[in-house]
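I opened my notebook today to look at one protein chain. Here is what I looked up, step by step.

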Amino acid sequence: MAKKKVFISFDFDKDKGLKGTFVGQAKLQESPFSFNDFSLREAYPDKEWVSKAQKAISKCEIFIVLLGKHTYKAPGVLTEVAIAAGLKKKRFQVKPQRRTPKSIPNAGEVISWKWKNIGKKLGYL
């Protein structure tokens, strides 16, 4: 099965490690899912960032929000969710196990960070 094209939205200032772990798990041989990450790799000035985010999100098949402690109020994540919703992208949110972060309206269903759950949402299982 071909890799899915995903955009991963996360709190850029606080959750780079969370995103790194998520992407790293997808690269493990035993992982039941894999994807090509279309997320932005660095910060840009606001005007340039929105344009780059729109372009990247428009190329993805699935939009994933990684829920950290403060993600629900991260302006960049809220903007990316609005872009993905406007483009009618399939969306879902992933919460780390044993945590109960606040979800984001209009960002899709919240699932627990388990390989089986993520694999199902990506259409691999």
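These entries go from the sheet to its middle strand and then to some charged side chains.

**Entry 1: the sheet**

I reminded myself that this is a predicted model. I started with the strands and found an open sheet of five, in the order β2-β1-β3-β4-β5, with parallel pairing. Which strands stand at the edges? I found β2 and β5 there, each with a single partner strand, so one side of each has no neighbour in the sheet. I also noted the twist, which averages 35° from one strand to the next.

**Entry 2: strand β3 and its partners**

Next I looked up β3, which covers residues 62–66. On one side, β3 runs parallel to β1, and four bridges join the two. I followed one of these pairings and saw that Ile8 has Ile64 as its bridge partner in β3. β3 also pairs with β4 (residues 90–95), again in the parallel sense, over five bridges. Here Ile64 turned up again, with Phe92 as its bridge partner in β4. Further along, I found Leu66 opposite Val94 in β4.

Is β3 enclosed or open to the outside? I checked its residues and found five of the five buried, so β3 is largely enclosed by the rest of the structure. I remembered that side chains in a regular strand alternate between the two faces of the sheet. In β3, Ile62, Ile64 and Leu66 are on one side, while Phe63 and Val65 are on the other, and all of them are buried. Both faces of β3 are therefore covered. I then looked at helix α3 (residues 75–86), which lies across β1, β3 and β4 and runs at about 155° to β3.

**Entry 3: the salt bridges**

How many salt bridges does the structure hold? I found two. One joins Asp37 and Lys19, with the closest N and O atoms 2.6 Å apart. This pair links distant parts of the chain: Asp37 sits in strand β2 (residues 35–37) and Lys19 in helix α1 (residues 16–27), 18 residues apart. I noted that both Asp37 and Lys19 are buried.

The other salt bridge is between the side chains of Glu109 and Lys121, at 2.8 Å from N to O. It too links distant parts of the chain, with Glu109 in strand β5 (residues 109–112) and Lys121 in helix α4, 12 residues apart. Is Glu109 buried or partly exposed? Its relative accessibility is 46%, so I wrote it down as partly exposed.

**Entry 4: two lysines**

I stayed with Lys121 for a moment and placed it in helix α4, residues 115–121. Leaving out residues up to four places away in sequence, I listed what Lys121 touches: Ile62, Lys90, Phe92, Glu109 and Ile111.

Then I turned to Lys4, in strand β1 (residues 4–9). Which side chain of opposite charge is nearest to Lys4? I found Glu61, 4.6 Å away, and Lys4 has no salt bridge although it is buried. A salt bridge needs the atoms within 4 Å. I did find the backbone oxygen of Leu122 at 3.5 Å from a polar atom of the Lys4 side chain. With the same sequence neighbours left out, Lys4 touches several residues, among them Ser34, Phe35, Ile62 and Tyr124. Ile62 is on my list for Lys121 as well.

Conventions: Residues are numbered from 1 along each chain as its sequence is written. This is a predicted model: local features need pLDDT of at least 70, side-chain atom pairs count only at pLDDT 80 or more; totals for chains, interfaces and linings use all residues. Side-chain values use heavy atoms; hydrogens and water are left out. Contact means heavy atoms within 4.5 Å. Buried means under 20% relative accessible area, exposed over 50%, partly exposed in between (1.4 Å probe, protein chains only). Lys and Arg count as positive and Asp and Glu as negative; His and the chain ends are not counted. A polar contact is a pair of N or O atoms within 3.5 Å; within protein, one must be able to donate a hydrogen and the other to accept it, and residues adjacent in sequence count only if both atoms are side-chain atoms. Two strands pair if DSSP finds at least two bridges between them. Axes are lines fitted to C-alpha atoms, for helices over the stretch in contact, and angles run from 0 to 180 degrees between N-to-C directions.
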